[in-house]
Number of protein chains: 2
Amino acid sequence: MKNMQNRLDEILAKLRERHCRITPQRVAILKIFLGSSDHPSVEQVYAQVKVNFPTTSLATVYKTVHLLKEIGEILEIGCVGGGNRYDGNKPYPHPHLICTGCKSIIDPDVHLLAQLTAELAKTSGYRIVSHQLDFFGICPACQKR
Amino acid sequence: MKNMQNRLDEILAKLRERHCRITPQRVAILKIFLGSSDHPSVEQVYAQVKVNFPTTSLATVYKTVHLLKEIGEILEIGCVGGGNRYDGNKPYPHPHLICTGCKSIIDPDVHLLAQLTAELAKTSGYRIVSHQLDFFGICPACQKR
DNA sequence: ATACATGCAAAACATTTGCATAAGA
DNA sequence: TCTTATGCAAATGTTTTGCATGTAT
């Protein structure tokens, strides 16, 4: 988790550049995002941050999430049945594999995607700037239930 | 629009099989979905159905949308900024190419997708039942502005 | 000192639900 | 007739907003 500290410092520097204030709540929320590999929801981050900062409000979490989205340091993963989920480790578009049973989300390696995107840009004439690719299915564990 | 009538009859037959009742509201909502190529939202359908059936309630539209989703005759397109959008003409997962300039949505042909999905199912062990693939970009017309 | 962030509560949305009444089969 | 659908209003769940107070700079 040494990279996490580096990344944290980078993001804090970026916030300072923007004249945003470095508050304990923001640092705590950031650390939760950087330390989570499971694409947490706002509610989950809220529950987690309250362990160390019990007075934190849900509104502050939402505001911080909005800020981090704005500066491109977390990625919002579309509505997966109810609320949004977020990725603080790979804040750029990438595919997700979502289990509809246990709601887990993993990041599969889809090596054909770049080729597919390039091909589409060429045939359509669009300048493609972003994408969202989500697969929904049943994970091996849930298949046994 | 001859295919539309055929498709409408098919869906009505399917509803009868399920012992669902064929009400004027349901028929009207169905016709709106089948006649729309622009991926309408619930609000848009509601506004449209009220032209001919002014007493129709929003709840009825939502209930009908739920029913049509259930029987697989319309496709829900994920939360693209606010509310859901629906496709009544191709009610199976397929890619979208969305222009962020003019908000138009087209259905590109992405022939590599099936191969990509099959490969992912094999390597991940998931039983993949659905997917969502949206590309965001600038269409040729908007690039000139 | 002075912006800006926090926390609370209320508002804003999209969607769902309960229930009495209306209407299709 | 007998069940299901409608329409209304209230409830739900998520996210946003206004504002007084607190706090980082």
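## Two DNA strands and the helices beside them

Modeller: A polar side-chain atom of A:Arg21 lies 2.8 Å from a base nitrogen of DNA strand C. The model is a predicted one.

Colleague: What makes that pair of A:Arg21 and DNA strand C a polar contact?

Modeller: The cut-off for a pair of N or O atoms is 3.5 Å. The distance for A:Arg21 is 2.8 Å, so the pair counts as a polar contact.

Colleague: How far is DNA strand C from the side chain of A:Gln25, and from which kind of oxygen is that taken?

Modeller: An N or O atom in the side chain of A:Gln25 is 3.0 Å from a sugar or linking oxygen of the strand. In chain B, the side chain of B:Asn84 has an N or O atom 3.0 Å from a phosphate oxygen of DNA strand C. Both pairs are within 3.5 Å, so they too are polar contacts.

Colleague: Which residues come nearest to DNA strand C?

Modeller: The strand has 18 residues around it, and the nearest are A:Arg21, A:Thr23, A:Lys63, B:Arg21 and B:Tyr62. Of the strand's atoms within 4 Å of the protein, 67% belong to sugar or phosphate, and the rest belong to bases.

Colleague: Which helices each supply at least two residues of the surface near DNA strand C?

Modeller: They are α2 and α4 of chain A and α4 of chain B. By class, this surface has five nonpolar, eight polar and five charged residues.

Colleague: What surrounds DNA strand D?

Modeller: There are 20 residues around DNA strand D, and A:Tyr62, B:Arg21, B:Thr23, B:Arg26 and B:Lys63 are the closest. Sugar and phosphate make up 69% of the atoms of DNA strand D that come within 4 Å of the protein.

Colleague: How do you know which atoms are in polar contact with a phosphate oxygen of DNA strand D, and what are the distances?

Modeller: An N or O atom in the side chain of B:Thr23 is 2.9 Å from a phosphate oxygen. For the side chain of B:Arg26, the corresponding distance is 3.0 Å. With A:Ile22 the atom is a backbone N or O, and it lies 3.2 Å from a phosphate oxygen of the strand. Each value is within 3.5 Å, so each pair is a polar contact.

Colleague: Which helix gives the largest share of the surface near DNA strand D?

Modeller: That is α4(A), with four residues. The helices that each supply at least two residues are α4 (58-70) of chain A and, in chain B, α2 (24-35) and α4 (58-70). The surface divides into seven nonpolar, eight polar and five charged residues.

Colleague: How many helices and strands are there in chain A?

Modeller: Chain A has six helices and five strands. Their order from the N terminus is α-α-α-α-β-β-β-β-α-β-α. The C-alpha atoms of the chain fill a box of roughly 50 × 45 × 30 Å along the principal axes.

Colleague: Why are α2(A) and α4(A) called roughly perpendicular?

Modeller: Their axes come within 10 Å and cross at roughly 65°. Angles of 65 to 115 degrees count as roughly perpendicular, and therefore the term applies to α2(A) and α4(A). On the side of α2(A) the contact is made by A:Gln25, A:Arg26, A:Ile29, A:Leu30 and A:Phe33. On α4(A) it is made by A:Thr60, A:Val61, A:Thr64, A:Val65, A:Leu67 and A:Leu68. By class, this contact has seven nonpolar, three polar and one charged residues. The crossing is right-handed.

Colleague: What is the angle between α2(B) and α4(B)?

Modeller: The axes of α2(B) and α4(B) cross at roughly 65° and come within 10 Å. That angle makes α2(B) roughly perpendicular to α4(B). The crossing of this pair is right-handed.

Colleague: Why are α2(B) and α3(B) called oblique?

Modeller: The two helices pack at an angle of about 120°, with their axes 10 Å apart. The roughly perpendicular range ends at 115 degrees and roughly antiparallel needs over 145. An angle of about 120° falls in neither, and α2(B) and α3(B) are therefore oblique. Their crossing is right-handed. The residues in contact are B:Ala28, B:Ile29, B:Ile32 and B:Phe33 of α2(B), with B:Val45, B:Gln48 and B:Val49 of α3(B). By class, six are nonpolar, one is polar and none is charged.

How values were computed: Residues are numbered from 1 along each chain as its sequence is written. Chains are lettered from A and ligands numbered from 1 in the order in which they are written. This is a predicted model: local features need pLDDT of at least 70, side-chain atom pairs count only at pLDDT 80 or more; totals for chains, interfaces and linings use all residues. Side-chain values use heavy atoms; hydrogens and water are left out. A residue is near a molecule or strand if one of its heavy atoms lies within 4 Å of it. A polar contact is a pair of N or O atoms within 3.5 Å; within protein, one must be able to donate a hydrogen and the other to accept it, and residues adjacent in sequence count only if both atoms are side-chain atoms. Ala, Val, Leu, Ile, Met, Phe, Trp, Tyr, Cys and Pro count as nonpolar, Asp, Glu, Lys and Arg as charged, and the others, Gly among them, as polar. Axes are lines fitted to C-alpha atoms, for helices over the stretch in contact, and angles run from 0 to 180 degrees between N-to-C directions. Angles under 35 degrees count as roughly parallel, over 145 as roughly antiparallel, 65 to 115 as roughly perpendicular and the rest as oblique. A crossing is left-handed if the near helix is turned anticlockwise from the far one by less than a right angle, and right-handed if clockwise. Contact means heavy atoms within 4.5 Å.
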